[in-house]
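Here's an informal walk through one protein model, written for someone who'd rather be at the bench. Have the structure open beside you and click along as the residues come up.

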Amino acid sequence: MRRRVLAPILLAVAVAAGPTTAAAHGRGPNPPEGLAPTGADMPTVGGNLANQHYSGLTQINQRNLDKLGPAWRTHVSAVAPASDDVGQQTTPIVADGVIYLDTPRGEVIAVDGATGAPRWKWSPEGFEPAGTRRGVSIGEGKVFTLADGDRIVALDKDTGRQVWAVQPAVQAGVDLGSIDRVATVYHDGIVYAHAANGDRAAVVAVRASDGGHLWHFFGGPDRGTVFTDVDGDSVDAGATWGPVLPDGTDCALEGGATPWMHGAVDPGLGYYYMTFGNARSCRSSQDGSQRPGDNLFSSTMVAVDAKTGNYKWHYQSIRHDVWDMDNVHPPTLADIKVRGHERKVVFYGSKSGHQFVLDRTNGRPVLPVHQPMIQDSRQHHAPTQPFPAHRLLPECVVWQKLDPDNVPGDPWRAVPNYNGYQPDADGNLVFNPDSYVAADEPFLTYPQGYPTNHRRGCMYDPQWDLPILSTTSQNGGADWSNNAYSHRTNLVYYPYGTNPVAHWNGAGANGQRAIGQYQTGGILAYDASTGKVRWRNHLGTDMSHGQGPLTTASDLLFVGQIDGRFLAMDARDGDVLWEFQTGTGIAGAPITYEVDGEQYVAVFAAGSTNPYGGSVTQGDSLWAFKLGGAYRTGSGSQEGPEPAPLAIRRPVQGGPVEGSTVDNTVLLARRDRTTDTAAARDGTAQNAMSPTHLRVPVGTTVTFRNPGAETFPNFPNQLPHCATQYFEGLFNAKLDPGESFRFTFDRAGDYYFNDCTDPRPAGKIEVYLTPQDLPGAARFLPSTLDLGSRTGVFTGVRGAAVATLTLPAGHRLDGDVVLRTPLSVTPVPARGATAIGRTVLVWFDKADLDNNVPAGEAVPLTLVANVLRDGQQQQVTSTATVRITK
């Protein structure tokens, strides 16, 4: 049940003060500098320099979690200079009891960690702030941030006064890329900043004292520069991008290899670790034909001397990347035991769903890797790719049967018709060798012993100019969320998203996520010493876009979700123990700290857009929690209201069109209903269904037509086309030009379909009910609802709220009942409903209602129920006025 301690506490937790209580696996109580657990402060966006996101604080633990409540909330945009900006991807830091973070506008604010009162807020003068930001750093009495114009800025930590602002590219005399997004890192007199875009992107280091340029390192290296690693092995990295093109283009210098996320520091070794993204140059990210070779340092971790930037070693996780896998999340360092031996390791991986465990002294894999791959002769694919022995996420998509009883199905299920997997008469997705993928076969070479003679939708399946669906995606795996490492459990906590993508050379946005698929995710934990997954909790929302976890020495794991939920989980088994609704999406990692002997946990709930676009509720709220926290919102609840529902399924392109305006007809493989040209027929674009989004009431018969000469006399479609409905499998009509198919939709819902000739075009039929209002039919028993907490904390709101709904004669309940409330557009689902004659008895969890209704004398609450009358689905509503006390 929501918003209370959600699982029994089965293990006593040792409560001890200070971070050094968390010695793990024989390493001893005093980890080396940079790798020690944080204590009263959390001064870097990674928690410590090793990006472990691990705190030694134990005051908040599993035995007292039910007492954890909000202490305060600060709307950072409301602080002068105020703005109405919302949304930000930043992770706060805290030093000496003061929290520092980026605002939605890209400014910097300092907030008292105990009270939430603002200390200062900086807004630049003479230049603009940077929009998207992912964190600041602190050192030498200064806070370091980024701003427009590729600037690094230092602020006085006590006053917010601007100390210096520099443009490293001007100092270096070379374009370093767009230095405007990635969190800065401070250590030992140096500030590290990463470019987040540009034709050629670099990591740059400047002096913390005055911003003077020290060094920079490009992901796309100059041709002829030889890098020799700590083992004496040398490589001309620029030459791995193939020869200079006839027009003089050097692919290594034209794009990609961007260091999208901040790095890690090992003070003992004196190394700085940075990760570079995929190659994007010479035509596109998914066309490797002009850049034969491994394309260093794309999809690569590089270790350099932290003081000088001199190269130490590299490890490439994807050779010749043509899938935009961008293994760039912040590297995590740890000292662990592997097969009984102490090892200094770095955990590396991201979108691919891999985690490479590397010796951080030399870059060699500590755990085994290697796998042969399918190759396409047109793409210059590498014959093998690094694959850890233990994969964290499925290697291939799942071709599940289309069936109303199997929805939503496996999180990694594939949309039909991709890769030639088409439904048979029973809805089973079966490979059809005569489908569109047959055109690629002459160019493919399969590894010896490969289990099939076709591409199954697996990691690194090759593509050329036709769409091939595979996993994970440009929005999958861990993308750019941080990991966390626990000294107590020896587990690495890995948030992930699942979002299979179709690649081809001309695909925009580095691939097309299949329309109508479910975009979900969760968090897992794997054993740092073996790489084996110990537990997985598929929470249901994407967790790969900033929703990084924080773990503590009391075996708690704190993590936020883009639907506004803030969770405390059992770090040993992944059970959710506590849940709080912030009211706005979370796209940053939480922090924990101590002020005057009290432990706090804080999270910035501002929201972002990946991968749910405008359906995410964005905000500007910095929340802090402590034991016995007594903060109340304006509604009288401690929580925020339930935010708007997320567009979990990948949406179609194009807005809704009422069926009555187009004769309830969809034209297949056409982008519009009037263009009669050769280029318009047999469309393969995402929006090549006209319309892509048709809205009709329940009971409507929709016509699907493959338009022939009767519709487009000059340039009719020439190919057969399908309307394959998924994932229910209600119909799969294959139509020749001029043919039509009709289907009557008798239940409300969203029904997606695509084309078998080319699966990229997709549409949706939105079937809706028009509610019938029943005045006086709803009652709450009693008419006063007491939503007060027995403990003073939101977890103490308990019990059931009971209502009745009297149905008209001839109506019977058909499905669940929900409640529309004043504070949320998302209805509250009933915990149960049962019909007794014409009366439906409904009960709701009071904890679900509390944050969605205000205290007051006459609060309107509307029951909504789907019913059947004479076999026809209908919807009824009725509003009751209730007195709410809290």
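## Pockets first, then strands and rings

The lining of the largest pocket is made up of 18 nonpolar, five polar and five charged residues. Keep in mind while reading that this is a predicted model.

That pocket has a volume of about 1,100 Å³. It is lined by 28 residues, and those closest to the centre are Pro645, Ala748, Gly749, Asp750 and Pro827. Select them and you should be looking straight at the middle of the pocket. Which elements give two or more residues to the lining of the largest pocket? They are the strands β52 (749-754), β53 (762-768), β58 (811-821) and β59 (824-829). Of these, β53 gives the most, with four residues.

The second largest pocket holds about 550 Å³ of space. Its lining runs to 29 residues, with Arg134, Arg181, Trp260, Trp480 and Asn610 closest to the centre. By class, the lining of this second pocket has six nonpolar, 15 polar and eight charged residues. Set that beside the largest pocket, with its 18 nonpolar, five polar and five charged residues.

There are enclosed spaces too: the structure has three cavities of 30 Å³ or more. The largest cavity has a volume of about 110 Å³. Among the 15 residues that line it, Thr91, Met261, His262, Trp480 and Asn482 lie nearest its centre. You've met Trp480 already, as one of the residues closest to the centre of the second largest pocket. Here are the three spaces together.

| Space | Volume | Lining by class |
|---|---|---|
| Largest pocket | about 1,100 Å³ | 18 nonpolar, five polar, five charged |
| Second largest pocket | about 550 Å³ | six nonpolar, 15 polar, eight charged |
| Largest cavity | about 110 Å³ | six nonpolar, eight polar, one charged |

Now back to β58, one of the strands in the lining of the largest pocket. Its partner is strand β62 (residues 856-869), and the two pair in the antiparallel sense over seven bridges. To find your place, look for Arg820, whose bridge partner in β62 is Thr862.

β62 also pairs with strand β63 (residues 872-885), again in the antiparallel sense, this time over twelve bridges. Within this pairing, Pro860 stands opposite Thr881 in β63. β62 and β63 make a hairpin with two residues between the strands, and in that hairpin Asp870 takes a positive phi near 55°.

Another residue to pick out in β62 is Glu857. Is it buried or exposed, going by its relative accessible area? Glu857 has a relative accessible area of 61%, so it counts as exposed, the cut-off being over 50%. Its C-alpha atom is separated from that of Arg883 by 4.5 Å, although the two residues are 26 apart along the chain.

Next, a sheet elsewhere in the chain. Three strands make an open sheet in the order β21-β22-β23, with antiparallel pairing. At the edges are β21 (332-338) and β23 (356-359), each of which pairs on one side only. From one strand to the next, the twist averages 45°. Strand β22 (residues 341-348) and β23 pair over four bridges, and Tyr348 stands opposite Phe356 in β23.

Those two residues bring us to the aromatic side chains. Tyr348 and Phe356 form a tilted aromatic pair, 6.2 Å centre to centre and with 40° between the planes. Both of them are buried.

In total, the structure holds 47 aromatic pairs. Another tilted one is Trp323 with Tyr460, at 4.9 Å centre to centre and 40° between the planes. Why does this pair tie together parts that are 137 residues apart in sequence? Because Trp323 lies in the loop between β20 (311-316) and β21, while Tyr460 lies in the loop between β29 (444-445) and β30 (468-470). Trp323 counts as buried because its relative accessibility is 1%, and Tyr460 is buried as well, also at 1%.

One last group to colour in is an aromatic cluster made of Phe558, Phe566, Trp578, Phe580, Trp623, Phe625, Tyr631 and Phe794.

Conventions: Residues numbered from 1 in each chain as written. Predicted model: local features only at pLDDT ≥ 70, side-chain atom pairs only at ≥ 80, totals over all residues. Heavy atoms only, no water. 1 Å grid on protein atoms, 1.4 Å probe; cavity = no way out; pocket = protein on both sides within 12 Å on 5 of 7 lines; lining within 4 Å. Points joined across faces, edges and corners; volume = space filled by probe spheres on them. Nonpolar A, V, L, I, M, F, W, Y, C, P; charged D, E, K, R; others polar. Pairing = 2+ DSSP bridges. Axes fitted to C-alpha atoms, helices over the stretch in contact; angles between N-to-C directions. Phe/Tyr/Trp six-rings, centres within 6.5 Å; stacked < 30°, edge-to-face > 60°. Buried < 20%, exposed > 50% of the residue type's maximum accessible area, 1.4 Å probe, protein only.
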